[in-house]
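Let us walk through a protein model together, one piece at a time. Keep the picture in view and turn it as you read.

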Amino acid sequence: MKAVYIYTDPKKKYPVEPYMEIIQSRLIDLGWEAPKLYYDGFNEGEDGWNDLSRLIDAGKVKGLLLFSLEAWSNGERHRFVPVIAKVMKNVPEVIVACAPSLGVMGGIKDLPKMEALFFSGEYFSNMSSVSVKAGIAKSKKSGGRPSLLNTDREFVQSVADLYNKGLSTKDIASRLNSNYNKVYRVINSLKK
C-alpha cells in the first residue's frame, strides 16, 4: 500500500485544496495511483498518524509521501528523528512533497537528507507559498478582505473625482500620495 500523510497546523483553518494541488503533481511525477490519505491538524480525517504508524510498524506501507513536517519543525525536532528513523527503516520509499529536490529516499541511509530538510530554505519557502495559496483560497471562500469601497469612502471619492477629471491612474496615485495598485483597484471597482 502507498500512503500520503498531510499535517496542517490545527490553529489555521485552511482548506485542503491547495495542499492537494502540490500532492497531486508529485503523485503524477512518481506514477503512484490512488494512495490512501491520512490527515492530522485542522483538516483532520478519520485516519491520522496513529493509524498510519500502526500500518508502518506492520510493514504494510511500501511508499509514503509526507506533505508537511510542521508538527516537528517548531521546537519538536528531538521527537522527529526517532519517529522518522522508524519510518525510514520500515518504508522502502519516502518522499517529501514540498522538497522535490530530495527525491525518493530509500531507507535509513537517507536519514541525513531528511534531517537536512529542516535547514532547507527551499522546503520552507515552498511551505510558505502553499500557506499563501491556502490563505487566498480561504479568503475567496469567506468573501475575501473588506473592500476599499466600504472601508475608506473618502479615499474612494477622491480617486473618483480625479478620475472623472481625466487624470491617469499614475497621476492620481501621485497626487494622493498613494500606491498605484490601490488606486488601480478602486478605479476598476468603480467601473464595475
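We will start with the whole chain, then visit the sheet, the helices around it and a few single residues.

First, a word about where the picture comes from: this is a predicted model. The protein chain holds 10 helices and 4 strands. Starting at the N terminus, you meet them in the order β-α-β-α-β-α-α-β-α-α-α-α-α-α. Of the 192 residues in the protein chain, 40% are buried. The accessible surface comes to about 11,000 Å², and carbon and sulfur atoms account for 51% of it. Now think about which parts of the chain meet each other. If we take contacts between residues at least 6 apart in sequence, 66% of them join residues at least 24 apart.

Now look for the strands. How are the 4 strands arranged in the sheet? They form an open sheet with parallel pairing, in the order β2-β1-β3-β4. At the edges stand β2 (36-41) and β4 (93-96); each has a single partner strand, so one side of each is left without a neighbour in the sheet. On average, neighbouring strands are turned by 15° against each other, direction ignored. It helps to recall what holds such an arrangement together: strands of a sheet pair through backbone hydrogen bonds, either parallel or antiparallel.

Let us zoom in on β3, which covers residues 63-66. On one side, β3 is joined to β1 by 4 bridges, with the two strands running parallel. Here Y5 has L66 of β3 as its bridge partner. Another 4 bridges join β3 to β4, again in parallel. In this pairing G63 is partnered with E93, and L65 stands opposite I95.

What about the two faces of this strand? In a regular strand the side chains alternate between the two faces of the sheet. In β3, G63 and L65 lie on one side and L64 and L66 on the other, and all of them are buried. Both faces of β3 are therefore covered.

Next come the helices that lie against the sheet. Helix α1 packs on it and touches β1 (2-8), β2, β3 and β4. The direction of α1 makes about 155° with that of β1. Helix α2 (residues 49-57) lies across β1, β2 and β3, and runs at about 135° to β2.

You can check the length of α1 for yourself. With 14 residues at 1.5 Å a residue, α1 should span 20 Å, and its end C-alpha atoms are indeed 20 Å apart. The buried residues of α1 are P18, Y19, M20, I22, I23, R26 and L27. A simple rule helps when reading such a list: an α-helix has 3.6 residues a turn, so residues three or four places apart point the same way.

One of these residues deserves a closer look. Is R26 buried or exposed? The relative accessible area of R26 is 9%, and because buried means under 20%, R26 counts as buried. Leaving out residues up to four places away in sequence, R26 touches L65, I95, V96, A97 and P100. You have already met L65 and I95 as residues that stand opposite each other.

Just after α1 comes G31, with a positive phi near 75°. A bit further on, in the loop between α1 and β2, sits A34. A34 also has a positive phi, about 45°, although it is not a glycine. At 76% relative accessibility, A34 is exposed.

There is a similar case later in the chain. N177 lies in the loop between α9 (169-175) and α10. N177 is not a glycine, yet its phi is positive, about 50°. With a relative accessibility of 74%, N177 counts as exposed.

For contrast, visit D110 in the loop between β4 and α5 (111-116). D110 is buried, with a relative accessible area of 11%. Apart from its neighbours within four places in sequence, D110 is in contact with M88, V104 and M105.

Our last stop is a pair of helices. Helix α8 (residues 153-164) packs with helix α10 (residues 180-191) at an angle of about 75°, their axes being 10 Å apart. The two helices are therefore roughly perpendicular to each other. Where they meet, α8 brings F155, V156, V159, A160 and Y163, while α10 brings K182, V183, V186, I187, L190 and K191.

Definitions and conventions
Residues are numbered from 1 along each chain as its sequence is written. This is a predicted model: local features need pLDDT of at least 70, side-chain atom pairs count only at pLDDT 80 or more; totals for chains, interfaces and linings use all residues. Side-chain values use heavy atoms; hydrogens and water are left out. Buried means under 20% relative accessible area, exposed over 50%, partly exposed in between (1.4 Å probe, protein chains only). Contact means heavy atoms within 4.5 Å. Accessible areas come from the Shrake-Rupley method with a 1.4 Å probe; for residues, only the protein chains shown count as cover. The expected span of a helix is 1.5 Å times one less than its number of residues. Two strands pair if DSSP finds at least two bridges between them. Axes are lines fitted to C-alpha atoms, for helices over the stretch in contact, and angles run from 0 to 180 degrees between N-to-C directions. Angles under 35 degrees count as roughly parallel, over 145 as roughly antiparallel, 65 to 115 as roughly perpendicular and the rest as oblique.
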